Amino acid sequence: MKNLLLTIIFLMPLGCLGELFLEITKGSEDPYRIAISPFDGDVRTSNQLHNIIRNDLMRTGEFSILDEELVLPIKIKDDELIYSDWKLLGMDYLITGSIIKTKNSIDVNYEIYDIHKKKKVRSSKVFGIPNQIRQLAHYTSDGIYESISGIKGIAATKLLYVNETKNSKSISAYKLMLADSDGANEKVLLTSSEPIISPSWSPDGKKVAYVSFETGIAKVFIQDIASGKRESVLSKSTQISSPSWSPDGKYLSLTLYQDGNAEIYIMRLQDRTLTRMTNQFAIDTESSWSPKGNKIIFTSGRSGSPQIYELDLRKLNPKAKRISFEGTYNAKASYLPKEEGIIFVHRSDDGLFHIALKYKKENFIRVLTEAKMDESPSVAPNGNMVIYGIKEENLSMLAGFSLSGARFKLPASEGEVREPAWSNFLR
Amino acid sequence: MDEKNTMKKFTNSFLTISTLLLFSACSSMQVTEESVADQSVAGVSLATKSTATQAVLANAVVYFEYDQFNLTSKSIQVLKGVTELMRNNSKITISLEGHADERGTREYNLALGQRRSESVANYLIANGIKRNRLITKSYGEERPLSLGSNNLAWSKNRRVEIK
């Protein structure tokens, strides 16, 4: 606390802003077909849960959900479920559930039935307090997703992003925002009259690092989400930017401008000692850690245009290896969670910027988006989804896609939003 | 288990989740029980700084080509005037604030803006101005002069503001 940079801290009323709107534009061609029966218990709560769960599952692009009106409430006494009826409707799975609400608690119990195998495959309970309906729904969605797909769900993860609004005199206000993975439940972490860029999560989801220009130059700050305590990471007078947390939470990679040029350093958080990783006349920035923490990738201009390089941290004096070769602008790369590939920003021959994927095993890149100015891709912790920034009619907003082919958009309800950062798993 | 007490304990803490994974005896059915946790969040609002600064002595802007940080002949004309002013007012320090257009990634543009700022500084130093009278910094693409996504707006935004 003693090193805390002195800033005036107010506790803000939470949830005062509008929320992002989820708009699902496209889904997969061979989805799981499921029916979700209205949950037993309070009808309003059941409807709320249903809407959130439906959106969570649709956003993955891997589900087709039977129209609610066609599903009547079902009371099932164990194996009385008539599988053949659901099979006739073309369903793969049926989900039933119940809600038990008291003044202080909500319990959600849900069951998943495999229509083809004719058996119950999951029986789960999630419980919380009444204002946690969104979280209860996200936990339920993740349970459903995990049981059916075999992959860990990301409905209960969170997003960070930057919001910029302009007042009537065109003066900007910048906010660092936190929201559920569906853009709902927005909360303000920081409000400033100076730009905020490059938000990055600590791996445990308790802290964020970001660049703030509040002192007149770029500086990296770490902020504790629960307490709002924040501090500048280094007392140096130089510009500092592009923070990225190591997977074990012990290090931050950073870009320092000590001698005027952008170079990458790794800082040990415990004692703030710095190790210089690049030493190049050209720009080196946008570092990001491999999932195991033994490599970093970064953007360097050393070849004459921005390209992606990799450094093996296990080696003594590692030499940066160039790993992008297609085109004249490849930047802001991050690894997929199993390190099977990288996601990055790629400038196409027509001069437009897109999000691209390159699998390690392949010798070509896959361009995955088609707007004009796509940027800041962030990969979900299960590796199945990417969220990024787009510009539509001069307004920045967030968009996403699943690797299975679904697309969605999260336009801001107010102003512009950009630079999304997906948290780790939080449950 | 006293569920309500457990829940209260969990409500304000993050990531304190009890997950029970049980497998029923006769089938491969998954049985789980989880308490939901959501983090508490404290918002921070930065007070606006006072913007009282020294009177502007040098006030000039030089522009750059796309992706470039080398000085054009037009920029050099502008910088000759700045050099003159610096020589005649030996006490002033100036800030060289680099900017980029919106194309490309934000952090790379921050670094590019810095390179532009350094280009201007290097010219002034080569013409006898002391380094300690120059402050170089970058705002990247965060402070566009001209809004809009077209060549004209972009050309106005790739700049170093000398003030």
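Q: How do you know which residue stands opposite Ile94(B) in strand 6 of chain B?
A: In this predicted model, the partner facing Ile94(B) is Leu134(B).

Q: What makes strand 5 and strand 6 of chain B a pair?
A: Two strands pair if at least two bridges are found between them. Strand 5 (residues 94–99) and strand 6 of chain B are joined by six bridges, so they count as a pair. The two strands run parallel.

Q: Why are strand 4 and strand 6 of chain B called edge strands?
A: Let's look at the order first. The sheet is open and has four strands in chain B, in the order 4-7-5-6, with mixed pairing. Strand 4 (60–63) and strand 6 (134–140) of chain B each pair on one side only. From one strand to the next, the twist averages 20 degrees.

Q: What makes contact with the sheet through helix 3 of chain B, and which strands are touched?
A: Helix 3 (residues 106–126) of chain B packs on the sheet and touches strands 4, 5, 6 and 7 of chain B. A contact needs C-beta atoms within 7 Å. The direction of this helix makes about 155 degrees with that of strand 6 of chain B.

Q: How do you know which class is missing from the side of domain 1 of chain A that touches domain 2 of chain A?
A: Count by class: that side has four polar and five charged residues, and no nonpolar ones. Nine residues of domain 1 of chain A are in contact with 10 residues of domain 2 of chain A. The largest share of the domain 1 side, four residues, comes from helix 1 of chain A.

Conventions: Residues numbered from 1 in each chain as written. Chains lettered and ligands numbered in written order. Predicted model: local features only at pLDDT ≥ 70, side-chain atom pairs only at ≥ 80, totals over all residues. Axes fitted to C-alpha atoms, helices over the stretch in contact; angles between N-to-C directions. Contact = placed C-beta atoms within 7 Å. Nonpolar A, V, L, I, M, F, W, Y, C, P; charged D, E, K, R; others polar.
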